[in-house]
Amino acid sequence: MKGLLQTLVVRTSGNCDDAILFIIVDLITRIGSSRIHGAESRLLYANLNLTAATKAIQAADFASASTCIECGISLLDQGHWEHSYRLSLELFTHSALAEWAQGNTERMTKSIDEVFNNAKSFDDKLRAAEIKLDYEGMTGTNLFEANAFGFHVLEQLGVNLPSSPENEVIVQELLDTKQRLSGLSKTSLKS
C-alpha cells in the first residue's frame, strides 16, 4: 500500500481531482501514522488530509472530514504548534467545526481548547470562537456564559458594549430603530 501511495502522490504532484485525493487520503489512513516516517512525508500527508477535509466540509460530509482531520492531526509531530503552526491551526479549527456538525461536542470542545491554548493571536482564534458561539447559542444551556463569551469576543474585536445599559439608552435605541423602520412594508422587511 505504501508503494501505491507514494506512486499516486508523485504522479499527481498535489494536483489531482477530488476522487484521486480521497483515494490518497484513504490510503494514508489505512497505512496509519505510526507507519509513516520522515517529517517531510508526514507534513505532506497531513496537508493532503487537510485539503480533503476542507472539500468534505464544503460538501457537508462531516464524517469524512472528521476522519481526514483525525488522520492529519495524528501525522503532526511533537511541537507541531511551533514548526507547523498554520497547518495545526487549520486542522484543529476544522476539527471543531466537523465535530460540532456531527454533535460530538466533547471532541469539538477539545479542538476549540487546543486552538485557544495555542493560537498566537486573537484573529487566529476567531473561527474557533465563532463555532463556540454558534454551539452555545443553539444549545441555550448556559445563556449567561454564552453572552459573557460573546461580549469577550466583541471586546477583543474593539467593540465595547455596556454590560447593563441604562434605560434611557435602550429607549433611545428602540425609538431610533422604530424611526428607521417606519414606512417600510412587511413585505420589504421579509425580503
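**Close-up 1. Helix 2 crossing helix 4 in this predicted model.** Here helix 2 (residues 18-31) meets helix 4 (residues 62-74), with the two axes coming within 10 Å and crossing at roughly 55°. That angle falls between 35 and 65 degrees, outside the parallel and perpendicular ranges, so helix 2 and helix 4 count as oblique to each other. The crossing is left-handed.

**Close-up 2. Who touches whom between helix 2 and helix 4.** On the helix 2 side, look for Phe 22, Val 25, Ile 28 and Thr 29. Helix 4 answers with Thr 67, Cys 68 and Cys 71. Sort these contact residues by class and you get five nonpolar, two polar and no charged.

**Close-up 3. Helix 3 packed with helix 6.** This pair sits with axes 10 Å apart, at an angle of about 35°. Helix 3 passes helix 6 in a left-handed crossing. From helix 3, the contact takes in Leu 43, Ala 46, Asn 47, Leu 50, Thr 54 and Ile 57. Helix 6 brings Leu 87, Glu 90, Leu 91, His 94 and Leu 97. The tally for this contact is seven nonpolar, three polar and one charged.

**Close-up 4. The largest nonpolar core.** Zoom in on this core and you'll find 39 residues. The ones touching the most other members are Leu 5, Val 25, Ile 28, Tyr 45, Leu 48 and Leu 75. Plenty of helices chip in: those giving two or more residues are helix 1 (2-12), helix 2, helix 3 (39-58), helix 4, helix 6 (85-102), helix 7 (105-118) and helix 8 (122-139). Val 25 and Ile 28 may look familiar, since they also turn up in the contact of helix 2 with helix 4.

Notes:
Residues are numbered from 1 along each chain as its sequence is written. This is a predicted model: local features need pLDDT of at least 70, side-chain atom pairs count only at pLDDT 80 or more; totals for chains, interfaces and linings use all residues. Side-chain values use heavy atoms; hydrogens and water are left out. Axes are lines fitted to C-alpha atoms, for helices over the stretch in contact, and angles run from 0 to 180 degrees between N-to-C directions. Helices (H or I, at least four residues) and strands (E, at least two) are DSSP runs, numbered from the N terminus. Angles under 35 degrees count as roughly parallel, over 145 as roughly antiparallel, 65 to 115 as roughly perpendicular and the rest as oblique. A crossing is left-handed if the near helix is turned anticlockwise from the far one by less than a right angle, and right-handed if clockwise. Contact means heavy atoms within 4.5 Å. Ala, Val, Leu, Ile, Met, Phe, Trp, Tyr, Cys and Pro count as nonpolar, Asp, Glu, Lys and Arg as charged, and the others, Gly among them, as polar. A nonpolar core is a set of buried Ala, Val, Leu, Ile, Met, Phe, Trp, Tyr and Cys residues joined through side-chain atoms within 4.5 Å. Buried means under 20% relative accessible area, exposed over 50%, partly exposed in between (1.4 Å probe, protein chains only).
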